[in-house]
Amino acid sequence: MEMIMRKSCEVELDDDIGVLKLFSLGSLPKLRLAVMTSKTLRRRLHHGDVDGKTHEHLEASASDDLNEPLLGNYESSDRHSEDCTRAEILNDDRRMEQLHWTFLFSQLIAQWARWLANIVLGSGSLIGRFLTSAIENGQKTSLRAPTLIPLQEVRLKNLRQRLEVPFDGSRVEHQDALKQLWRLAYPDRELPPLKSELWKEMGWQGADPSTDFRGGGFISLENLIFFAQQYPESFHRLLHKQEGTRAEWEYPFAVAGINISFVLAQMLDLQSAKPTSLAGIRFLQLLEEDEMAFDNLFCVTFQMMDAQWLAKRASYMEFNDVMKSTRTQLERELALEDVSSVKDLPAYNLLAE
């Protein structure tokens, strides 16, 4: 009977409903057998041995017991397996929850450590006092500007007045400033008309330089003149692109200077009543030491931008990315505790007078 049952019966796994069915072959009647979930069978095989070789008795027991009621053989083991499965699931959930809370706790500790390090390291400095005051008042994105001494107020007022002056090509003093810049850039060449293709050689985008100022204003032209007068070697080195391996499509010198003036005014928060950015507050300290701090900072930034340009091997279309990197570097240098004047900036050493 046992041999007949083995040869005449076929076991089929129905995955759609997740049960194990037993069918008869030929003329033998269907045998009424208990069903067992495929999930339970697979779980037993999985917990016993991954490749199914160590516990091959599982298959043997299934075939040997076909002549006996399956409910009788597997009812108690099924319950035990289900109880084990529930316990394992609960243990897995507990472990996942513990890992989750451990991760969150470690992140919180790391954030507090960074915050505490910033406060402790800077607590004895001007930056540390600003940070402490900002945190105590619940201000995370801005700092409270210090009280200005009369000298700082006067110099800041004068600088803001300069920033408000737009370039006007019809004004004689603005025309004279353009001519002065040409003479400083090309002392051995004849002065061209105010509208000439020759202006493009200096890095203006068109034959009429007055169309390139836009938001830079007249102060950007003053910055370029100051650069040529105070640091002529660096000025001509950048104007003529004398250092490094240059791109085929270089940045235009004059227009780059206008952009630098505009970016500096934004970064230093000079348009607001009182600067609240860290860079703007540190600049007020520089302004106390040097009335021409903005112009000197323009020269440092120009030299810094060119160094970034060469390091990135940039071309014309990457100018904005280079400016972003330059601004980030300048903000870092302004945040250094031992900087009390523009000449204390590390990048100042790049300039040659």
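**Contacts, charges and backbone in a predicted model**

At 46% relative accessibility, Thr 211 counts as partly exposed, the cut-offs being under 20% relative accessible area for buried, over 50% for exposed and in between for partly exposed, with a 1.4 Å probe and protein chains only. The model is a predicted one, in which local features need pLDDT of at least 70 and side-chain atom pairs count only at pLDDT 80 or more, while totals for chains, interfaces and linings use all residues. Residues are numbered from 1 along each chain as its sequence is written, and side-chain values use heavy atoms, with hydrogens and water left out.

Back to Thr 211, then. It sits in the loop that runs between helix 7 (172-185) and helix 8 (217-230); helices here are DSSP runs of H or I with at least four residues, strands are runs of E with at least two, and numbering starts at the N terminus. The Thr 211 side chain gets to the backbone oxygen of Asp 208 at 2.8 Å, which falls under the polar contact rule (a pair of N or O atoms within 3.5 Å; within protein, one must be able to donate a hydrogen and the other to accept it, and residues adjacent in sequence count only if both atoms are side-chain atoms). There is also a longer-range neighbour to note: Asp 168 is 43 residues away from Thr 211 in sequence, yet the C-alpha atoms of the two are 9.6 Å apart in space.

Next come the salt bridges, of which there are ten, each being a side-chain nitrogen of Lys or Arg within 4 Å of a carboxyl oxygen of Asp or Glu. In one of them, Glu 222 pairs with Arg 162, and the closest N and O atoms are 3.2 Å apart. This pair ties distant parts of the chain together, since Glu 222 belongs to helix 8 and Arg 162 to helix 6 (residues 150-163), 60 residues apart. Neither end is fully hidden: Glu 222 counts as partly exposed because its relative accessibility is 26%, and Arg 162, at 21%, is likewise partly exposed.

A second bridge runs from Arg 246 to Asp 306, with 2.9 Å between the closest N and O atoms. Here too distant parts of the chain are linked: Arg 246 comes from the loop between helix 9 (232-239) and helix 10 (253-267), Asp 306 from helix 12 (residues 293-312), and 60 residues separate them. Asp 306 has a relative accessibility of 1%, so it counts as buried.

Arg 327 and Glu 331 make another salt bridge, their closest N and O atoms lying 3.3 Å apart. This one stays inside helix 13, where the two residues are four positions apart, about one turn of the helix. Arg 327 is partly exposed at 31% relative accessibility, and so is Glu 331 at 33%. Elsewhere, bridges with shared partners join Arg 162, Glu 222 and Asp 295 into one network.

The loop between helix 9 and helix 10 has further detail. Glu 250 is found there, and its relative accessible area of 15% makes it buried. Its side chain reaches in two directions: to the backbone nitrogen of Ala 247 at 2.9 Å, and to the side chain of Trp 309, in a polar contact of 3.1 Å. Lys 241 lies in this loop as well and is buried, with 17% relative accessible area. What is unusual-looking about its backbone is phi: Lys 241 is not a glycine, but its phi is positive, about 50 degrees.

Asp 269 is another non-glycine with a positive phi, about 60 degrees, and it lies in the loop between helix 10 and helix 11 (278-289). Helix 10 itself holds Gly 257, which is buried with a relative accessible area of 0%. Gly 257 and Ser 220 are 37 residues apart along the sequence, and their C-alpha atoms are 6.7 Å apart in space.

Out on the surface, Glu 288, Glu 289, Glu 337, Asp 338 and Asp 344 form a negative patch. Patch members have over 30% relative accessible area and no salt bridge, with like charges joined within 9 Å and nonpolar side chains (Val, Leu, Ile, Met, Phe, Trp, Tyr) within 5 Å. Within this patch, Glu 337 lies in the segment after helix 13 (319-334) and counts as exposed because its relative accessibility is 52%.

Key. Areas by Shrake-Rupley, 256 points an atom, 1.4 Å probe, with all protein chains shown as cover. Lys, Arg positive; Asp, Glu negative; His and termini not counted. Charge placed at Lys NZ, Arg CZ, Asp CG, Glu CD.
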